[in-house]
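Pull the model up in your viewer and keep the sequence to hand. We'll go from the overall layout to the sheet, then the core, and finish at a pair of rings.

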Amino acid sequence: MMKEWATVASWDNGIATLYTEAKTSCNSCNARKGCGSHLLNKLGPEDAEVIKIASKQPLKAGQRIEIGIRESSLLGSALLVYMTPLIGLFIVAGLFQALFHSDLASASGALLGGIGGFILSKGISALIGDKEAFQPVILSVALTPDILRVDATRHE
């Protein structure tokens with residue numbers, strides 16, 4: 001199970017709106033000065049991902065919850081998104097090469113196959129994306145911010 005902490009933005013009629021912050025490994029690496037990934041991460045958007053998830057338990061804004069998704073679902077999605085365009089690219093490029101005996105035709109077929117594979121993977125993901133196996137689930141709920149109180153005064 002892949003796990004991630006999220007913060008509740010709102011809860012309404014059993015649907016919780018959550019946001020998660022994208023995490024990168026750039027903060028733990030000492031090679032920031034010479035790293036292109038660090039610079040790209042600084043340029044990119046710092047927006048949080050917004051997720052809507054069913055929750056029978058009432059939640060309050062600001063509350064932290066742990067959500068999870070099965071590894072098999074994540075790996076299946078990654079396989080679909082990356083391999084379908086790649087397979088389309090090779091099949092249509094090979095077909096165009098066999099039919100037209102030209103490198104230009106092969107390159108055009110590769111482009112068309114890659115785009116067609118991308119469109120196919122998008123359509124398949126729309127069909128299977130609503131299945132329960134591909135939906136995140138709530139694993140644990142932390143205390144609400146108003147319940148947790150720390151007394152900082154020292155008694156001597």
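A contact here means heavy atoms within 4.5 Å. Among contacts in the chain between residues at least 6 apart in sequence, 75% join residues at least 24 apart. Some ground rules before going on: this is a predicted model, where local features need pLDDT of at least 70 and side-chain atom pairs count only at pLDDT 80 or more, while totals for chains, interfaces and linings use all residues. Residues are numbered from 1 along each chain as its sequence is written, and side-chain values use heavy atoms, with hydrogens and water left out.

Start with the parts list. Helices (H or I, at least four residues) and strands (E, at least two) are DSSP runs, numbered from the N terminus. The chain has three helices and five strands, and reading along the sequence gives β-β-α-β-β-α-α-β. As for burial, buried means under 20% relative accessible area, exposed means over 50%, and partly exposed is in between, with a 1.4 Å probe and protein chains only. By that yardstick, buried residues account for 21% of the 156 residues in the chain.

Now the sheet. Two strands pair if DSSP finds at least two bridges between them. The five strands make an open, antiparallel sheet in the order β3-β2-β1-β4-β5. At the edges sit β3 (49-54) and β5 (137-141), each pairing on one side only. From one strand to the next, the twist averages 40°, where axes are lines fitted to C-alpha atoms (for helices, over the stretch in contact) and angles run from 0 to 180 degrees between N-to-C directions.

Zoom in on the β1 and β2 end of things. Strand β1 (residues 2-12) pairs with β2 in the antiparallel sense over five bridges. The two form a hairpin with two residues between them, and N13 in the turn has a positive phi of about 50°. D12 stands opposite I15 in β2. Moving across, strand β2 (residues 15-20) is joined to β3 by six bridges, again antiparallel. Along that seam, T17 has K52 in β3 as its bridge partner, and T20 stands opposite E49 in β3.

What packs against what? A nonpolar core is a set of buried Ala, Val, Leu, Ile, Met, Phe, Trp, Tyr and Cys residues joined through side-chain atoms within 4.5 Å. The largest nonpolar core has eight residues: A6, V8, A16, L18, I53, L59, I65 and I67. Strands β1, β2 and β4 (64-69) each supply at least two residues of this core. Take A6 as a way in: not counting residues up to four places away in sequence, A6 touches L18, Y19, T20, Q63, R64, I65 and I67.

Next to A6 in your sequence view is W5, which lies in strand β1. Is W5 buried or exposed? In fact W5 is partly exposed, because its relative accessibility is 34%. Setting aside neighbours within four places in sequence, W5 is in contact with T20, R64, I65, E66, S140 and A142. W5 and E21 are 16 residues apart in sequence and 8.8 Å apart in space, C-alpha to C-alpha.

For a contrast, look at S55, in the loop between β3 and β4. S55 counts as buried because its relative accessibility is 6%. Leaving aside neighbours within four places, S55 is in contact with W11, G14, A16 and I138.

Over to the helical part. An unreviewed UniProt entry lists residues 74-98 and 104-121 as "transmembrane region"; UniProt positions are given in the numbering used here, feature names are shortened, and annotations may be inferred rather than shown by experiment. In the model, residues 74-98 are 100% helix and 0% strand, with the end C-alpha atoms 36 Å apart. Residues 104-121 are also 100% helix and 0% strand, and there the end C-alpha atoms lie 26 Å apart.

Last, the rings. Rings of Phe, Tyr and Trp (its six-membered ring) pair if their centres lie within 6.5 Å; planes under 30 degrees apart count as stacked, over 60 as edge-to-face and the rest as tilted. A search of the whole structure turns up one aromatic pair. That pair is F96 and F100, edge-to-face at 5.6 Å centre to centre, with 75° between the planes. Both lie in helix α2 (residues 71-100), four residues apart, about one turn of the helix. F96 is partly exposed because its relative accessible area is 21%, while F100 counts as exposed because its relative accessibility is 52%.
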